[in-house]
Amino acid sequence: MTAGREPVDVLIRRVDPEVPLPTYAHPGDAGVDLVTTRPAELPPGERVVLPTGIALALPDGYAAFVHPRSGLAARCGVTLVNAPGTVDAGYRGEIKVNVVNLDPRRPVRFERFDRIAQLVIQQVEKARFHEVAELPGSARGEGGHGSTGGHASLGDRETVHGYASVIADREGQ
Ligand SMILES: O=c1ccn([C@H]2C[C@H](O)[C@@H](COP(=O)(O)OP(=O)(O)OP(=O)(O)O)O2)c(=O)[nH]1
């Protein structure tokens, strides 16, 4: 018996009647793979919006996030333009995936039902916003964008032997 919460029930509609229903490949997996129902070829640097053949009705208080697959990223340079894509609970349309080929040289080809992304379903909080004149203090304050020794302190064009330098970032650790 594995510990953990009960799975949440999610209604799914196959927009493409032949698309396989998503399943978790391993018990501890956070995401289910999404496939493309349309073949596509992407030259280096190109992007495309691909259909997945499924539509969901997520319970209120949940959202689904479309994440890249690390294998595709490492092997082919393929990621998502808007990673992670947000699927709202109220969205009833087909889930689409904004794929981009970041490889500088090689095109990539997807056949029908190739896995192109993964979908992570999560509970999400709703905020009630209260406007104030001053926010309470904190250790970080307004520091961000490299304030702990990151790239911003180098200026835009700082390079070491032709590479963008991460030395200041290491020093900040
Ligand atoms: O990767 C994604 C991201 C979003 N969506 C769908 C579900 C989501 O609920 C809807 C709207 O997404 P988002 O709010 O990110 O898009 P927007 O550009 O802000 O459009 P809108 O004005 O319709 O909210 O599009 C996808 O199918 N795939």
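This report describes selected features of a predicted model, beginning with the domains and ending with individual residues.

**Domains**

The domain assignment of the protein gives two entries, domain 1 covering residues 11-123 and domain 2 covering residues 142-173. Between the C-alpha centres of domain 1 and domain 2 there is a distance of 33 Å.

**Surroundings of the ligand**

The residues around the ligand are Val 66, Asn 82, Gly 85, Thr 86, Val 87, Asp 88, Tyr 91, Ile 95, Lys 96 and Asn 98. Two or more residues of this shell are given by each of the strands β7 (85-87) and β8 (94-101). Sorted by character, the shell around the ligand divides into 4 nonpolar, 4 polar and 2 charged residues.

The loop between β6 (78-80) and β7 holds Pro 84, and the peptide bond that joins Ala 83 to Pro 84 is cis, with an omega of about -15°.

**Cys 76 and its contacts**

Helix α1 comprises residues 70-76, and Cys 76 lies in this helix. Leaving aside residues up to four places away in sequence, Cys 76 touches Asp 103 and Val 108. Although Cys 76 and Asp 103 are 27 residues apart along the chain, their C-alpha atoms are separated by 6.6 Å. Is Cys 76 buried, exposed or partly exposed? Cys 76 counts as partly exposed because it has 18 C-beta neighbours inside 10 Å, a number that falls between the limits of 12 or fewer for an exposed residue and 20 or more for a buried one.

**Two residues with positive phi**

Phe 113 has a positive phi although it is a residue other than glycine, and His 145 likewise has a positive phi although it is not a glycine. The table sets out the angle and the loop for each of these residues.

| Residue | Phi | Loop |
|---|---|---|
| Phe 113 | near 75° | between β9 (108-110) and β10 (115-123) |
| His 145 | about 50° | between β10 and β11 (159-160) |

The surroundings of these residues can be described in the terms used above for Cys 76. Phe 113 counts as partly exposed because 16 C-beta neighbours lie inside 10 Å, whereas His 145 is exposed, since it has 9 other C-beta atoms within 10 Å. By the domain bounds given earlier, domain 1 runs from 11 to 123 and domain 2 from 142 to 173, while the loop of Phe 113 lies between β9 and β10 and that of His 145 between β10 and β11.

Technical notes: Residues are numbered from 1 along each chain as its sequence is written. This is a predicted model: local features need pLDDT of at least 70, side-chain atom pairs count only at pLDDT 80 or more; totals for chains, interfaces and linings use all residues. Helices (H or I, at least four residues) and strands (E, at least two) are DSSP runs, numbered from the N terminus. Two residues are in contact if their C-beta atoms, placed from the backbone, lie within 7 Å. A residue is near a molecule or strand if its C-beta atom, placed from the backbone, lies within 6 Å of it. Ala, Val, Leu, Ile, Met, Phe, Trp, Tyr, Cys and Pro count as nonpolar, Asp, Glu, Lys and Arg as charged, and the others, Gly among them, as polar. Domain bounds come from an automatic or database domain assignment.
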